Amino acid sequence: MGKYSLESKPFSPLPSFHQGSGTFSGNTHVVDPSSVNQDVNSPLKFKFASYKITVMSVEIATSEAPNWFGVSFRQGLNAFDTINIFCHPHPGNAGMRDADYATRTGEWPKLFRYAEIFARQTDIAQANHINIIPFFNNASYSSTGIFGPNWKDIVEQILALARSGTIAARARSASTSGESAIFFSFKRPKVPAPPVDTSGRLQNVVLSDFSHGRTLMWTVRRQSQGLDRFLREVWDFDGVHAAAPVSPRAIVYDQGSGQAFSPTTFHVPPERWQEYHHAILKRHELHGDLPAMLACHAATISNVG
């Protein structure tokens, strides 16, 4: 038994940002994975694809941070051994105050949107990733607070909750795993995978980050003892203020226009997005689109899940 116990609790929707906790289906725009390549003059293509997902709000009964987590996964999930830990941008830069953290008020509810954003895309890609977003307050952002020293116990409890949530969702509504796959002819290259471990024992970790979250990603790697043994990939979406990841396998998206520094680096400057925006946006205006619409491509080419 670990030091902390986790509990799933309801979280209210925030109109224009997210649907809160629960099980949802709908449609969303994503970048068509087949159009993502290293030619900066090649326009991106877009699809309006369907999804079926479960989103959970998980809490720890402690005043220490982070004591709140967004958890999400596709309804067709059939393996419980791969997690994707998302490192969010610095909360203070978005006006989130630590005084409001415990009550999840002020600007904090907006941060919950990333759980839904990643679940939609991993479902479209048919990836068996359980997305976990530790919501760090300002005080714990530079140290990881209680997460780093206890990360494995925390995520293993989340895996158990996700498995329970999946069983409950299937009991409520029969779902199929192939519906959203028809939108893409681009196939996910797969490496030989171990047998599915339905017990929920952790086997694979992906770290993903966006913007200032790149610095948090490096902090999580330093502070989480034993994480490297499970770490298979890093997904970086327009990361800033730290060196770009290169190992163990780094999938990097940025707005650059020069030579890609690795086979899994993709430059997606504003000029490539004209089919969707019907204009060439400024770079800061495009910034949020990278995790919101390119995580589907990362999940498609991922070697895990």
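**Group meeting: a walk through the predicted model**

At 0% relative accessibility, threonine 144 counts as buried. I'm starting there, friends, with a residue from a predicted model, and the backbone is what caught my eye. Phi of threonine 144 is near 75°, which is positive even though the residue is not a glycine. You'll find threonine 144 in the loop between S6 and helix H2, residues 147-172. For context, most residues other than glycine have a negative phi, and most peptide bonds are trans.

Histidine 241 makes a nice companion. Its phi is near 70°, again a positive value in a residue other than glycine. So is histidine 241 buried or exposed? Histidine 241 is exposed, with a relative accessible area of 63%, and it sits in the loop between S8 and S9.

That loop also holds proline 248. A cis peptide bond joins serine 247 to proline 248, with omega about 5°. Another cis bond links alanine 65 and proline 66, where omega is about 0°; proline 66 belongs to the loop between S3 and S4.

Just along the chain, alanine 250 is part of strand S9. Alanine 250 has a relative accessible area of 6%, so it is buried. Measure C-alpha to C-alpha on your screens and alanine 250 lies 9.0 Å from arginine 232, with their positions 18 residues apart in sequence.

Now to the strands, beginning with S3. Why can we call S3 largely enclosed by the rest of the structure? Because 12 of its 15 residues are buried. S3 has several partners, so let me take them in turn. Strand S1, residues 6-9, runs antiparallel to S3 and is joined to it by four bridges; serine 8 stands opposite valine 58 in S3. S2 and S3 are also antiparallel, pairing over 10 bridges, and phenylalanine 24 has isoleucine 53 of S3 as its bridge partner. S3 then pairs with S4, antiparallel once more, over seven bridges. There, serine 57 is matched with glycine 70 in S4.

From S4 we step across to S6. Strand S4, residues 68-74, and S6 run antiparallel and are joined by four bridges, with phenylalanine 69 opposite proline 134 in S6. On another pairing, strand S5, residues 82-87, and S6 are parallel, over three bridges. Isoleucine 83 has isoleucine 130 of S6 as its bridge partner. The chain gets from S5 to S6 by way of H1, and this β-α-β crossover is right-handed.

How many of the residues of S6 are buried? Five of five, across residues 130-134. Both faces are covered: Ile130, Ile132 and Pro134 are buried on one side, and Asn131 and Ile133 on the other.

On the way from S5 to H1, pause at leucine 111, which is in the loop between the two. With a relative accessible area of 4%, leucine 111 is buried. Alanine 94 is 17 residues away from leucine 111 in sequence and 9.3 Å away in space, C-alpha to C-alpha.

Let's go inside. The largest nonpolar core has 48 residues, and those with the most contacts inside it are Val31, Tyr114, Phe237, Tyr253, Trp273, Leu290 and Leu294. Elements giving two or more residues to this core include S2, S3, H1 and H6, along with strands S7, S8 and S9. H6 gives the most, with eight residues.

Helix H3, residues 213-223, is another well-covered piece: eight of its 11 residues are buried, so H3 is largely enclosed by the rest of the structure. Among the buried ones are Arg214, Leu216, Met217 and Arg221.

Last stop, the largest pocket, with about 440 Å³ of space. Which residues lie nearest its centre? Of the 20 residues lining it, these are Phe17, Arg113, Tyr114, Phe210 and Gly288. Tyr114 may ring a bell, since we met it among the residues with the most contacts in the core. Helices H1, residues 113-124, and H6, residues 289-301, each supply at least two lining residues. H1 has the largest share, with four. By class, the lining has 11 nonpolar, seven polar and two charged residues.

That's my tour; over to you for questions.

Methods
Residues are numbered from 1 along each chain as its sequence is written. This is a predicted model: local features need pLDDT of at least 70, side-chain atom pairs count only at pLDDT 80 or more; totals for chains, interfaces and linings use all residues. Side-chain values use heavy atoms; hydrogens and water are left out. On a 1 Å grid over the protein atoms alone, a cavity is a set of points where a 1.4 Å probe fits but cannot get out, and a pocket is an open set with protein on both sides within 12 Å along at least five of seven lines; lining residues have an atom within 4 Å of a point. Grid points are joined across faces, edges and corners, and a volume is the space filled by probe spheres set on the points. Ala, Val, Leu, Ile, Met, Phe, Trp, Tyr, Cys and Pro count as nonpolar, Asp, Glu, Lys and Arg as charged, and the others, Gly among them, as polar. Buried means under 20% relative accessible area, exposed over 50%, partly exposed in between (1.4 Å probe, protein chains only). Two strands pair if DSSP finds at least two bridges between them. A crossover is right-handed if, with the strands pointing away from the viewer, the path from the first strand over the helix to the second runs clockwise. A nonpolar core is a set of buried Ala, Val, Leu, Ile, Met, Phe, Trp, Tyr and Cys residues joined through side-chain atoms within 4.5 Å.
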